[in-house]
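Open the model in a viewer and keep the sequence panel visible. The stops below can be selected one after another.

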Amino acid sequence: MSDQVCPECGASDFIEIDLTLADQTGVTFCSCHRCENRWWNKEGKPMALKDVLKLARKARA
Ligand SMILES: [Zn+2]
């Protein structure tokens, strides 16, 4: 799907789950098999969880 690797351990073997937030922002939840690191991508770039939550909150407001 992408050539991204885990930011923690560099593994390319991780789960990607595409989600659409309430404001129609597309994000991808990623979970690494090797180190169990979890992170989010937005438009192919890593995104902090707090920013995802901020977007989700904004959409509800
Ligand atoms: Zn990892």
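Two strands count as paired here if DSSP finds at least two bridges between them. With that in mind, select V27: its bridge partner in β3 is K42. V27 also serves as the bridge partner, in β2, of L19.

The model is a predicted one. Before going further, display the whole chain as a cartoon. The chain has four strands and one helix, and the pattern read along the sequence is β-β-β-β-α. A box of roughly 35 × 20 × 15 Å, taken along the principal axes, is filled by the C-alpha atoms of the chain. Of its 61 residues, 7% count as buried.

**The sheet**

Now hide everything but the strands. The four strands make an open sheet in the order β1-β2-β3-β4, with antiparallel pairing. β1 and β4 (45–47) are at the edges and have a single partner strand each, so one side of each lacks a neighbour in the sheet. On average, neighbouring strands of this sheet are turned by 35° against each other, direction ignored.

**β1 and β2**

Select residues 14–20, which are β1, and residues 26–32, which are β2. The two strands run antiparallel and are joined by seven bridges. One place to see the pairing is I17, whose bridge partner in β2 is F29.

Stay on β1 and pick E16, which lies in this strand. Is E16 buried or exposed? A residue is exposed if 12 or fewer other C-beta atoms lie within 10 Å of its own. E16 has 12 C-beta neighbours inside 10 Å, so E16 counts as exposed. Then draw a distance from the C-alpha atom of E16 to that of W39: the separation is 9.8 Å, although the two residues are 23 apart along the chain.

Next, move to the turn. The hairpin of β1 and β2 has five residues between the strands. Select Q24, which is placed in the loop between β1 and β2. Most residues other than glycine have a negative phi. Q24 is not glycine, yet its phi is positive, near 75°. Q24 counts as exposed because it has 7 C-beta neighbours inside 10 Å.

**β2 and β3**

Keep β2 on screen and add residues 38–42, which form β3. Five bridges join β2 to β3, and these strands also run antiparallel. Label C30 and look across to β3, where W39 stands opposite. This is the W39 whose C-alpha atom was used for the distance from E16.

The hairpin formed by β2 and β3 likewise has five residues between its strands. Which residue in this turn has a positive phi? Select E36, which is found in the loop between β2 and β3. Its phi is near 65°, a positive value in a residue other than glycine. E36 has 11 other C-beta atoms within 10 Å and is therefore exposed.

**β3 and β4**

Finally, bring in β4, residues 45–47. Three bridges join β3 to β4, and the two strands run antiparallel. Select W40 and find M47 opposite it in β4. The hairpin of β3 and β4 has two residues between the strands. Within this hairpin, pick E43, which takes a positive phi near 50°.

**Back to the whole chain**

Show all residues again for a last look at contacts. What percentage of the contacts between residues at least 6 apart in sequence join residues at least 24 apart? In this chain, 36% of them do.

Conventions:
Residues are numbered from 1 along each chain as its sequence is written. This is a predicted model: local features need pLDDT of at least 70, side-chain atom pairs count only at pLDDT 80 or more; totals for chains, interfaces and linings use all residues. A residue is buried if 20 or more other C-beta atoms lie within 10 Å of its own, exposed if 12 or fewer, and partly exposed in between; C-beta atoms are placed from the backbone. Axes are lines fitted to C-alpha atoms, for helices over the stretch in contact, and angles run from 0 to 180 degrees between N-to-C directions. Two residues are in contact if their C-beta atoms, placed from the backbone, lie within 7 Å.
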